[in-house]
Number of protein chains: 2
Amino acid sequence: MEYIEKIGAAAKAAAPILADCGTLTKNRALSEIARRLNQNADAIIAANKLDIENARKKGMSETLIDRLVLDEKRIAGMVDGLDKVIALPDPIGEIMGGSELPNGLRVVQTRVPMGVIGMIYENRPNVTVDAAALCFKAGSAVILRGGSNAVNSNKFLVDLMRKTIADLGVPADCIQLVEETSRETAVAMMKLNKYIDLLIPRGGGQLIRTVIENATVPVIQTGEGNCHVYVDESADLDMAVNIVNNAKTQRPSVCNAIESILVHESVSAAFFKKLDELWQGKVAVVGDERTAENIKVEKIADDTDYATEFLDYKLSSKVVKSLDEAIEHINKFGTGHSECIVTGSLENARKFQRRIDAAAVYVNASTRFTDGFEFGLGAEIGISTQKLHARGPMGLNALTSYKYLIDGNGQIRG
Amino acid sequence: MEYIEKIGAAAKAAAPILADCGTLTKNRALSEIARRLNQNADAIIAANKLDIENARKKGMSETLIDRLVLDEKRIAGMVDGLDKVIALPDPIGEIMGGSELPNGLRVVQTRVPMGVIGMIYENRPNVTVDAAALCFKAGSAVILRGGSNAVNSNKFLVDLMRKTIADLGVPADCIQLVEETSRETAVAMMKLNKYIDLLIPRGGGQLIRTVIENATVPVIQTGEGNCHVYVDESADLDMAVNIVNNAKTQRPSVCNAIESILVHESVSAAFFKKLDELWQGKVAVVGDERTAENIKVEKIADDTDYATEFLDYKLSSKVVKSLDEAIEHINKFGTGHSECIVTGSLENARKFQRRIDAAAVYVNASTRFTDGFEFGLGAEIGISTQKLHARGPMGLNALTSYKYLIDGNGQIRG
């Protein structure tokens, strides 16, 4: 597809120049972007209004429209995000290792930019600035393909960023927006091996699966979270209820919220009594027969329910006979995101952490902490649920690669 | 495809048990495999004879048959490889980082096995043991799909390894062979997302491209090497000839051999004179008009020639006006493997190393050193030419992932 090819070629041409920019230039550009975002707040909100009006005309739900909105608070949030990215140490140029070989060759493993990063995401226009800033600081050109409903907001934000970096002598094509938001442009990005070094999809399960299915470029799978809390035989039940409540209801729409609970049979009666007292029907439950003996369920859960990411005030539940059964269930239905055991047993805690195949495995804490800021990465571009390259919250390092620099004085191989 | 599904499910079931095996058990199993390989050398050679006879009947060239052969020397090579893998430190369980958060949560990033690794390779049966040993030491189950012509050798070797590990209490299904070597089994592996965490193709460009094109599982692209030596204006020309000669002729069939030379115009006459004196036609040259003024060329090179991995006593050549032209040419035609500048200029050396987008960038040394053993990784499963996860020679760490273990005492997110 010529349109995407052209964007890709421009990104590839711009990337080496950004790779050679020092930290100072990159930070100055980000700082100037922050200043201009503040300065242009009214114009940003005006551009965003067009998107919101169009969305209302299309009959989009208010919940979805809320994601689209850029108001003063969200602009301040973007500026705050930029300040945090500026404050992060520059990963580029880090010496990761190396040695002098017996023949005198010096081999130095050095962190370098990824090159060109593609982002495919949905309708949150603040992702446009967050993602561009992280890729920029990591020294890579970025191709942003946001959702069609946010296109006016995204155009304004990307124009602002492009002008700013160009004013500071960095090629504008280090930050590009795919303005044609057809399915074709997304698929073309997924197959742009000539120009894209890494593609990160951010959004719902359907988007992620489409990318996995179609991409020939390297991809990092992010954000699907069918997360569980397992309440062990030896759990402090007040702690268990508190963690389940936090992990389910503090922000149900995010990927590190839980979707399912597993409860050891020996504590199920007491646990569900406490949970029911707290929730009083606030969270809908689908569960197995034994859950239904203890708490009101909407329906008896089947495998589809156990595999569902509700992202709402709803969860699935199962009473289990043993830790092993819980581990087996989680490894079968989980998406490798965040899993938790509430237990008083050191042995069970360690077994759970060893055997559960997920990015973040918790003992006695809410899964809601799986987050780049919480983990001290300073920022995040997404949460990887795959095992290749990066797992869990991805900070700046996850957006880099490395190369080996070898210095010799005429060595040949014998 | 049911046949591959079944193999995948068995690998996935076996993997957690291997992940929990200690270093001692893994090393004992590898050591016992080495002992039994030696003990069964005659039987291995007999099984291999069947493959060779079949290949001869099919009219396979002697060069290709040579890759198939297992003789006493190659068996000794496999045993030596096993000893090297045993000697490597176990990567699993390494604490890669972590911190205690202000709320008291302890976050520990821990190295864990990849899970299930698929290998698709061609007709070298020694790869069967090398790859199985590396995956095993790295704690992952492996699914091996070798070439159809090596199937008798591979069956014998895999049976021997399976029996050995089972005798030591490790599930045999940690090492499995895909005995049906149809195109369908390969494609089914490429799409086995449910069970395969990482797929590594090892072989020629056609195999690699087929995998990239078809795979939905995470892949590491390996081994294509269109490598260059650039002879700079300030090069020591004797050193340049020596490096070009080594990088081209010491072993022309491997991926870190060079396929192309770029020569600065100011030294081209003198350089080609020396090269011609050394080679006297031993290496065929395809080159641009200006190369042809200095040395006999088979034909004037076009873009297809510059993109070709000859893997033979043949190379492409171009006279360039500047370092920048050389860098541009390499970044256009290179495969991101190994690139070299011969120069006396510190400035040019640094510029070349910064700007060239490849796994290994050499100053004044032969590209033939790009190798896991040479780089001190102790072993290698292949040489990655992509930027995601691993770049350049891949040792044990490249076969691992990590997870975050988080310990709390009831923390919830506010």
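Tutor: Two residues are in contact when heavy atoms of theirs lie within 4.5 Å. This is a predicted model, where local features need pLDDT of at least 70, side-chain atom pairs count only at pLDDT 80 or more, and totals for chains, interfaces and linings use all residues. Residues are numbered from 1 along each chain as its sequence is written, chains are lettered from A and ligands numbered from 1 in the order in which they are written, and side-chain values use heavy atoms, with hydrogens and water left out.

Student: Which residues is Gly93(A) in contact with, leaving aside its neighbours within four places in sequence?

Tutor: Gly93(A) sits in the loop between helix H5 (72-87) and strand S1 (95-100) of chain A; helices (H or I, at least four residues) and strands (E, at least two) are DSSP runs, numbered from the N terminus. Its C-alpha is 5.8 Å from that of Thr110(A), although the two are 17 residues apart in sequence. With neighbours within four places set aside, the contacts of Gly93(A) are Thr110(A) and Arg111(A).

Student: Is Gly93(A) buried, partly exposed or exposed?

Tutor: Buried means under 20% relative accessible area, exposed over 50%, and partly exposed in between (1.4 Å probe, protein chains only). The relative accessibility of Gly93(A) is 39%, so this residue counts as partly exposed.

Student: How many residues does chain A have, and what radius of gyration?

Tutor: The secondary structure of chain A comes to 15 helices and 16 strands. The globule rule (2.2 Å times the number of residues to the power 0.38, with the radius taken over C-alpha atoms) gives 22 Å for its 414 residues. The value for chain A is close to this, so the chain is as compact as a globular protein of that length, with a radius of gyration of 24 Å.

Student: What share of the residues of chain A count as buried?

Tutor: The C-alpha atoms of chain A fill a box of roughly 70 × 70 × 35 Å along the principal axes. Of the contacts between residues at least 6 apart in sequence, 71% join residues at least 24 apart. Among the 414 residues, the share that counts as buried is 60%.

Student: Which residue of chain A has the C-alpha nearest the axis?

Tutor: A turn of 180 degrees with a shift of 0.0 Å along the axis lays chain A on chain B at an RMSD of 0.0 Å, superposed by least squares on the C-alpha atoms of residues with pLDDT of at least 70 in both. The two copies are thus related as by a two-fold rotation axis. The C-alpha of chain A nearest the axis, 1.9 Å from it, is that of His389(A).

Student: Where is Tyr121(B), and is this residue buried or exposed?

Tutor: Strand S3 (residues 116-121) of chain B holds Tyr121(B). Beyond its neighbours within four places in sequence, its contacts include Val127(B), Leu144(B) and Arg202(B). With a relative accessibility of 3%, Tyr121(B) counts as buried.

Student: What is the phi of Asn364(B)?

Tutor: Most residues other than glycine have a negative phi. Asn364(B) lies in strand S13 (residues 360-365) of chain B and is buried, with a relative accessible area of 9%. Although not a glycine, Asn364(B) has a positive phi of about 55 degrees.

Student: What is the relative accessibility of Gln280(A)?

Tutor: Gln280(A) is in the loop between helix H11 (268-279) and strand S9 (284-287) of chain A. Its phi is near 45 degrees, positive in a residue other than glycine. Gln280(A) counts as exposed, at a relative accessibility of 67%.
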